[in-house]
Structures are given as C-alpha cells and as structure tokens.
Amino acid sequence: MEKQRQRASMLMKVVTLLCLVVLCTAIESPQYAVVHSESDFEVRLYRDSTWMMSAPVRELSFEKSTLLGFHRLFQYIQGANLNYSRIAMTAPVVTSIVPGAGPLHSSAYFVGFYLPVKFQADPPTPLPELHLKPYAWDSHCVAVRKFSGFAKDEIVVREAEKLAVSLSRSPWANSTSDDSGYAYAIAQYNSPFQFIGRVNEVWVDIDASGIDSCNSSEIATY
C-alpha cells in the first residue's frame, strides 16, 4: 500500500510538472499600472479581477504546496468543472502564504491563477472534489520585487525579507496591508523546464488609504 501511495504521488508530480509547460505559452495576465518604481521594487495598481483559488494547502513546504494546489487548478482548466469547459492557462501562478509559526513563517498556502477575460464574469463551477472556488480580487496596490531562478523554499523567504527591508526604507514604509489575510505571495511565470530567463515575483499588498495613485481608475495594460 505504501509503495502504491508513493507511486501515485510521483505520478502526480510528473504529470503536474509536464502540465506546467503551458505557462510558456500563457497569453493573458492581470492588468496593472506602475504607480511607483525604485531600483529593487515597484508598486503596481491592479484592476478588479476574478481568480480561481485552491482551498488552504496545509503543507510545510512552499514548493510542495504549490505543486499540490496547481494540480487541482490544472484539472479544473482541463474540464473538471460543471460546464466541462477547457480554460486557457494564464500567468502567473500565485501562491499566497498565510502567516504562521511554520519553518517558512506560514500556516497554510493558497494557490491560484487569474481567469481569462472570457470567464471573468461567470467562471465555470469547479467539481467539488477539487476544493477550488472563484475569488474576487478588488482593485488595489501591490509592492513587487522580481527575482530569477527557481522559487525554492529557502529562496522565497529570503526574497520576501529583502522586499520588507526595501519597503521599510521607502515612502511606503507604513503602507503594507493586513486586510489580505496573507503575509506575502509568490508569483511564478515560467514552466519548470525553462532554466534561463526565469521570472518570479514577491507580492505584498499595500494599504491604499490616503494614497491617490492607488485609487486611480486609469490602469494601463501590461
């Protein structure tokens, strides 16, 4: 029985990694405008959008949680929904880290992706066993730090700490938001089979109270 579980786990990982190749051809991404830019981070204003999110994945590892969460999302976009709709992949895949006492300062992870424009207003309902649900993302500002390579457990913590230091030395020092329910998120844009030119980002929500640039209705397409 244990060998069967190990085989099933390995198969799921292989299938999911192969499926992630579609990220190389992703076309649609959430729209935003850059409202502030510095050498090591920028602040973006994202417009209202709808995402499909996993239920909390309670694993200690960021990498394993992202893999498990994306496996559910991939089944959904391949037709595991009540409409049997096939849904185009988008980028990035975002893993939100819920604060906690774990080794990555986390208690759980949410994995999600932006729904294509075609399904923004009326997303197909996921099959119940996938434990997914649509999430309405209101327009708000996000502080973003880019980093390259693979988003491994120890790397995402280090990059998040670097963004926190940068923000503490900037005009946005007291503007991080507690409303989102997560400490930070990691956005991944590439297939695991792309070894050069990889793009990842750390995202931290910004409290827009009193910040005019984060309340603008004019959002350019990026």
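**From helix α4 to an aromatic cluster**

At 1.5 Å a residue, helix α4, whose 16 residues run from 153 to 168, should span 22 Å, and because its end C-alpha atoms lie 23 Å apart, the expected and computed spans agree. The model described here is a predicted one. The buried residues of α4 are D153, I155, V156, V157, E159, A160, L163, S166 and L167, and these pack against helix α2 (62-77) together with the strands β7 (140-147), β8 (184-188) and β9 (200-206).

Helix α2 also holds T66, which is buried, with a relative accessible area of 9%. A polar atom of the T66 side chain lies 2.9 Å from the backbone oxygen of F62, and the side chain of T66 makes a polar contact, at 2.8 Å, with the side chain of T95. Leaving aside residues up to four places away in sequence, T66 touches T95, V111 and Q188.

Aromatic rings offer another way through the structure, which holds 10 aromatic pairs. The rings of W137 and W203 have their centres 5.9 Å apart and their planes at 10°, so this pair counts as stacked. The pair links distant parts of the chain, since W137 belongs to strand β6 (residues 132-137) and W203 to strand β9, 66 residues apart. W137 is buried, with a relative accessible area of 7%, and W203 is likewise buried, at 1%. Both belong to one aromatic cluster, formed by Y32, Y46, W51, Y114, W137 and W203.

Charged residues also meet rings: R44 lies over the face of Y32, at 4.4 Å from the ring centre, while the charged end of R198 sits over the ring of F150, 4.1 Å from its centre.

Methods: Residues numbered from 1 in each chain as written. Predicted model: local features only at pLDDT ≥ 70, side-chain atom pairs only at ≥ 80, totals over all residues. Heavy atoms only, no water. Helix = DSSP H or I, 4+ residues; strand = E, 2+ residues; numbered from the N terminus. Expected span 1.5 Å × (residues − 1). Buried < 20%, exposed > 50% of the residue type's maximum accessible area, 1.4 Å probe, protein only. Contact = heavy atoms within 4.5 Å. Polar contact = N/O pair within 3.5 Å; in protein donor to acceptor, adjacent residues only side chain to side chain. Phe/Tyr/Trp six-rings, centres within 6.5 Å; stacked < 30°, edge-to-face > 60°. Lys NZ or Arg CZ within 6 Å of the ring centre and 35° of its normal.
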